[in-house]
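Subject: Structure handover

Hello,

Here is the structure we spoke about, with the sequence alongside. My notes on what was found follow below it.

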Amino acid sequence: MKKFLKKVLPPKAYYFLKRKRTKQFDERYLIYDFLNFKNGVMFDVGVMDGSSFMPFLLKGWDVYAFEPDNSNHKLVSEYLKKWNLKTNLLKKAVSDVEETKTFYTSTLSSGIPSLLKFNNNQVASHEVSTIMLKSFIKTNNIDKIDFLKIDIEGYDLMALKGFDFSRFKPRVIMCEFEDKKTELLGYSTKDMSQFLTDKDYLLIYSIWHPIKEYGIQHDFKKMSIEINEVEPSDWGNMIAFANEIDYNEFRKKHKI
């Protein structure tokens, strides 16, 4: 049904209807409502189907989107062309070093392609050249980011380390945590939390119950400001705020 509606409806109607029909909790909608202004700038690192950046693009934001998976990149490119929408969609993987690495896709879920092989259903797909956000930002003379969203299946901290926070700080950052993946890369949820805290960000943890299986609907647990409430088997997203006013307003609005 979703594929059919996406083919026949214009983009604004499709995403309006999609949100109305969605029953599952989604942090992206909370951030979208919070950043309720036009002409913002979003970086979407790990695009998948484009559903994270599309509402912002339709609001008139400049979007820089990074998706190295062949199938996901092709799908999003086709819909952008069909809807005559323009954004900066790059077939690039993001990390903290520039190198060539094997990229893994999945026979189970379009949501877990990664530079990291962490699941038996992942298979080697192709070689990719990684980029650092700080280099891309400098080359393209970007001077602000209102929302930096990162969801790259384990490499989230590496993407953050490749950002130059001395140049400017994104107003809101959302990045994924899951120790089951990231411990394979030598870091934990607490390590990424400390990294952002050291950059003077204020954090909220959107905590989900442990993943039973990739490719199916997951179960939301709660939102908290306490990292100790994140169990070792949990996963979720950190929502990081660059200023205290935004942080307190978001907490008050969502009773966190």
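I start with one residue. Thr189 has a relative accessibility of 6% and therefore counts as buried, the limit being under 20%. This threonine, Thr189, belongs to helix α9, which covers residues 189–198. If neighbours within four places in sequence are left aside, Thr189 is in contact with Phe177, Glu178, Asp179, Ile227 and Met238. Please keep in mind throughout that the model is predicted.

One of those contacts, Phe177, leads to the strand β8 (residues 172–177). Is β8 mostly covered or mostly open? It is mostly covered, with six of its six residues buried. As background, side chains in a regular strand alternate between the two faces of the sheet. In β8 both faces are covered: Val172, Met174 and Glu176 are buried on one side, and Ile173, Cys175 and Phe177 are buried on the other.

β8 pairs with β7 (residues 147–150) in the parallel sense, over four bridges. Within that pairing, Phe147 stands opposite Val172 of β8, and Lys149 stands opposite Met174 of β8.

Both strands sit in an open sheet of eight strands, ordered β3-β2-β1-β7-β8-β11-β9-β10, with mixed pairing. Which strands are at the edges of this sheet? They are β3 (88–90) and β10 (220–224), each of which pairs on one side only. From one strand to the next, the twist averages 10°.

The loop between β9 (202–208) and the edge strand β10 holds His218. At 18% relative accessibility, His218 falls under the 20% limit and so counts as buried. Not counting residues up to four places away in sequence, His218 touches Gln24, Trp208, Ile211, Glu213 and Trp235.

There is also an open sheet of three strands, in the order β4-β6-β5, and its pairing is mixed. β4 and β5 stand at the edges with a single partner strand each, so one side of each has no neighbour in the sheet. The two pairings are as follows:

- β4 and β6 (residues 122–131) run parallel and are joined by two bridges. Ala93 stands opposite Thr130 in β6, and the bridge partner of Val94 in β6 is Ile131.
- β5 and β6 run antiparallel and are joined by seven bridges. Here Thr100 stands opposite Ser129 in β6.

Glu99 is found in the loop that lies between β4 (93–94) and β5 (100–106). Is Glu99 buried or partly exposed? Its relative accessibility is 35%, and therefore Glu99 counts as partly exposed, the class between 20% and 50%. Leaving aside neighbours within four places in sequence, Glu99 is in contact with Val128, Ser129 and Thr130. Among these, Ser129 is the residue opposite Thr100, and Thr130 is the residue opposite Ala93. The C-alpha atoms of Glu99 and Ile131 are separated by 7.7 Å, with the two residues 32 apart along the chain.

The last item is a helix pair. Helix α3 (residues 27–34) packs with helix α10 (residues 244–254) at an angle of about 120°, and their axes are 12 Å apart. Why is α3 called oblique to α10? An angle of about 120° lies outside the range of 65 to 115 degrees for roughly perpendicular and is not over 145, so α3 is oblique to α10. The crossing of α3 past α10 is right-handed. On the α3 side, the contact is made by Leu30, Asp33 and Phe34. On the α10 side, Asp246, Glu249, Phe250, Lys253 and His254 take part. Sorted by class, the contact between α3 and α10 has three nonpolar residues, one polar residue and four charged residues.

Regards

Notes
Residues numbered from 1 in each chain as written. Predicted model: local features only at pLDDT ≥ 70, side-chain atom pairs only at ≥ 80, totals over all residues. Heavy atoms only, no water. Axes fitted to C-alpha atoms, helices over the stretch in contact; angles between N-to-C directions. Parallel < 35°, antiparallel > 145°, perpendicular 65-115°, else oblique. Left-handed = near helix turned anticlockwise from the far one by under 90°. Contact = heavy atoms within 4.5 Å. Nonpolar A, V, L, I, M, F, W, Y, C, P; charged D, E, K, R; others polar. Buried < 20%, exposed > 50% of the residue type's maximum accessible area, 1.4 Å probe, protein only. Pairing = 2+ DSSP bridges.
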